[in-house]
Protein chains: 2
Amino acid sequence: MSQPAANLAVPGFAPTAASIPPKDVNYRRPMAKNQPVWHTPLDPVNFLLRAALIYPKKVALAHLDVPYPVSYTYDVWAQRIQNLAYALIESGIKPGDRVAVIAPNCPMMADAHHAILAARGIITPLNYRLTKGEIQYILEHSGAKLILCDHEFTHLLPENHAPVIISQDTGRVGDPYEDFLARGRRFSQERGWSGLPIEPDENAGSCLCYTSGTTGRPKGVLTTYRGSYLAAVANAYETKMDLYSIYLWTLPMFHACGWTYPWAITFSFASQVTLRTVNYDLIWKNFKNSRISHYCAAPTVQIGIVNARHASYVEQPLRAIIAGAAPTAHLIGSLEKIGISVSHVYGLTETYGPFTISYDRPEYKTLTVDERSVFFARQGHSFATADEIRVIQHDNDSKDLVDIPKDGVVLGEITARGNVVMKEYFRDPKATAEAFKGGYFHSGDLAIWHPDGSIAVQDRSKDLIISGGENASSLAIEQVLSKFPPVLEATVVARPHEKWGERPMAFVILHSHEEGKWKGKDKEFEIELKKFARQSLPGFAVPEWVAIVKELPKTSTGKIQKNILRQRLAKL
Amino acid sequence: MSQPAANLAVPGFAPTAASIPPKDVNYRRPMAKNQPVWHTPLDPVNFLLRAALIYPKKVALAHLDVPYPVSYTYDVWAQRIQNLAYALIESGIKPGDRVAVIAPNCPMMADAHHAILAARGIITPLNYRLTKGEIQYILEHSGAKLILCDHEFTHLLPENHAPVIISQDTGRVGDPYEDFLARGRRFSQERGWSGLPIEPDENAGSCLCYTSGTTGRPKGVLTTYRGSYLAAVANAYETKMDLYSIYLWTLPMFHACGWTYPWAITFSFASQVTLRTVNYDLIWKNFKNSRISHYCAAPTVQIGIVNARHASYVEQPLRAIIAGAAPTAHLIGSLEKIGISVSHVYGLTETYGPFTISYDRPEYKTLTVDERSVFFARQGHSFATADEIRVIQHDNDSKDLVDIPKDGVVLGEITARGNVVMKEYFRDPKATAEAFKGGYFHSGDLAIWHPDGSIAVQDRSKDLIISGGENASSLAIEQVLSKFPPVLEATVVARPHEKWGERPMAFVILHSHEEGKWKGKDKEFEIELKKFARQSLPGFAVPEWVAIVKELPKTSTGKIQKNILRQRLAKL
């Protein structure tokens, strides 16, 4: 359980002079006068200040496998975040102003999740895998007044952009980002945290994350201080993070503000390691050398981890938090075999990332991996601080929402409400009203509802395959196909069919050791796969077509881009 | 880790018909119309409903070593709580009305902590060890409209009391309490939880607990739904309660609503075992047979547990949550030796019970028990959802609060603010204003503030001994005396002294195996004890007088009643 802190400290590295807190450092922020003695607005920045107060010399953040590695203890990191908050204020950021960040997982990106809130601005993290045009749209739509940009992504900046601070990701004097922090420190005149009043309205916007926008323009999801606080507490509690935890950033932090883990980590006094890219060699190096205890990733990244060349049994307790798609029995089994336990969570940007979890049950202990994974593949129940989920009739036009039966058969739409649901689509009251109709947020995800109250996502509405008048769930088909031993990963989409309207088409990636065996035998493979599929799928759900591919188009967060596959098929 | 559920189920017991939920049970409560989609009032009743939804067949509550043992699964327990809520409403309880409970730890007492809130009343638990006159005062002051009373304590009811429901603590048909629940069920007309709207104002009062009132009349501490929710989450997180936890009720639930553990238990889906009295045989029976994982108690009860005749090594992980006074090194060592780990917390009724915790540190692992206990004996830092503590100059008359230096030497008063501080002293605006002066709640407890931000309580203001002009902390002296091997428990109070103003007097209880050795040798013992004390205490702090006693006057929660000792001395 004890943390080998030495592995996270960077030998020979010294933080800049501006990063060193004063001797009499104070972590108390002023409270608005109208707050009663018994009321403090919920604000995740307080987690950082608690960590710095209680564990000042514990490593908060390590950025290791880069040309300029750095490692910050909590007291130093809190000072840097304070400096950034002051620098933002000096730059003219006022409460409610948006500050954009274009950066991979790196210290500046982590800093921003605390400092922008401490300055009472709204953090607007951008997906750096978007096109320049999309970036321009988001910068304009959000009205970002300032941009924090990593040196690798300056080419994404549009021509007439707001003022930008560029980070060379060095942590050393001479880096423009470090100069910016030093300026903040000077501007603070050593007022420290006492010069940074706590946001008095816990329902104020704190984060603005744009959805990836597979259909139409990206939408800006505005979330609050209160929601970020409560979602972070739930994530820390549900995945058992504590003082001894070390979190590895495999999930891009720009994705729904890293599912609120930037604050779940500080809430639990854990340490974090930032990785600029999803690199399986580095992930495994960190699993081993940094004694990682937690990481988040979509199944496709998990598949990469399990099959990486350095994969081997992990000695310390290591928990994989999986979302984005249901993990297959095969994947859960493969992870467990190398000592990685699985938490399957589900959510959307509109729900601060995860808001359901597939809960463990004492009786699962007696089941085989295959049996257990049937349950773990479900999206489960709302987690600790979220309201009970509702699955409603998605094809019902009445104003009142009507629950589907909890029979594990009927398909409905997942809806949610409560403290871990977004406040609005920014500057889009029409889309907000549409999403909130009936007093619940409509996810667009289709699920069945089991008698035990757990949900199992079947598809996005648009991913459903209407095959001969029957609803075929592409996810359910994928679950079956991925059990076929030669298959590493399978994806299924609808393809127009003259007779049946639509029929499923499967795209599969083979395990590397199977590629030779099936080379030039696509037809034989197709026959075998269909035979396998027929054992557990109704005829209308067995793929009509099968294509062996080398890779699949994926979003930056590892989700398969089914819309792109459908577009390709439309051209056939 | 897995829970042997069979040990908590009572063979042959069947809940009453009214306790059986309908087949299509629904755990969703109506929300006020003005709540936005993204906002749900924080309400600890939701924890119960989550537990019943997700783990309906898990044992929620077991009441074992009584003439009529019972055991309820979460679905049944939630139905009983729903019945009680309806019964209260049928009895005329309106939002904000007080419902008094006079009961030991038993199912009715546990039910009340959820049902009264579900009916939007205010739970007013009474200390059944008070006198009839004090009970009468509290019933009148609180204006309780209804009383739930255990059969053992009906003699405490004053002549003109509000309507009372008596429980025979049987859980069987014919018990007036069971009849009351059945009436509630009938009154509900099977509307279920959908007929019990969620309290729309999370800052509404939910609990009214009267302080034990060592000085003057008891004061009513009013706390809120929001505070109860956030304190319970922190208690569950900080003491690592989860699905596999089994909590034993050694702490009386009437004490500050059981330190919010009634809700911490449901938050974490744990099971609980109720014990009507602190009986060391039963405590050990449950440690062994019920695989208890958590319990709360003051040091004096912990001393009893360690020295009980059935005490032996505990196989499962078992955590003792200690508050009420600092545990000595000897006590921590004794607990650890039999496999019990220690969480030392601190708080007052005004802070929902615990609001600080002595945090673990990785570096403690290399220390001896004696070295570690020096740190663990500190009250530590504010816990997860509490605001940073302040220790202020207690002898400063200026309106503005002034922090004492964090030097581990200067003595100041512990003050607190934020979401886990009470809303007010009920119907006592003057006392509230006095307690809240300067925008912080004043605890009346004196502490030093260490450079690491942790606090160490030295004394209640009134327990401080002014010996020859020097401040002597009775707690610090007790810590030393309790290390003297023959001593089981030591208590020190001020006794008037002609020359020095005051001098410490020690009351000690000997270990039973030491009693024979010192029989009739009080003077020799005194000489030896003083010699021992002089090794680590300044002269003014060495007790001037020593008395060997068989027992010490204690409050119902195990706190030594120093005021009584002082009264005795005043008569000498």
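**Exercise 1.** Determine which residue of β13(A) is the bridge partner of A:R319, and place this pair within its sheet.

*Solution.* In this predicted model, local features need pLDDT of at least 70, side-chain atom pairs count only at pLDDT 80 or more, totals for chains, interfaces and linings use all residues, and side-chain values use heavy atoms, with hydrogens and water left out. Residues are numbered from 1 along each chain as its sequence is written, while chains are lettered from A and ligands numbered from 1 in the order in which they are written.

Step 1. The partner of A:R319 in β13(A) is A:S341.

Step 2. Strands β12 (residues 318-322) and β13 (residues 340-348) of chain A run parallel and are joined by five bridges. Strands (E, at least two residues) and helices (H or I, at least four) are DSSP runs, numbered from the N terminus; two strands pair if DSSP finds at least two bridges between them.

Step 3. The open sheet has nine strands in the order β2-β1-β10-β9-β11-β12-β13-β14-β15 (chain A), with mixed pairing. Because β2 (70-73) and β15 (381-382) of chain A each have a single partner strand, they stand at the edges, and one side of each is left without a neighbour in the sheet.

**Exercise 2.** Establish whether B:T415 and B:T211 are buried or exposed, and list their contacts.

*Solution.* Step 1. B:T415 lies in strand β17 (residues 411-416) of chain B, whereas B:T211 is in the loop between β7 (205-210) and β8 (220-224) of chain B.

Step 2. The relative accessible area is 0% for B:T415 and 16% for B:T211. Both residues are therefore buried (under 20%; exposed is over 50%, partly exposed in between; 1.4 Å probe, protein chains only).

Step 3. Contact means heavy atoms within 4.5 Å. Leaving aside neighbours within four places in sequence, B:T415 is in contact with B:I389, B:R390, B:I392, B:Y440, B:F441 and B:H442. With residues up to four places away in sequence not counted, B:T211 touches B:P218, B:K219, B:V221, B:T349 and B:E350.

**Exercise 3.** Compare the radius of gyration of chain A with that of a compact globule, and describe the chain as a whole.

*Solution.* Step 1. For 572 residues, a compact globule would have a radius near 25 Å; the 24 Å of chain A agrees. The radius is taken over C-alpha atoms, and the rule is 2.2 Å times the number of residues to the power 0.38.

Step 2. The C-alpha trace of chain A spans about 75 × 55 × 55 Å along its principal axes.

Step 3. Chain A contains 17 helices and 25 strands, and 64% of its 572 residues count as buried.
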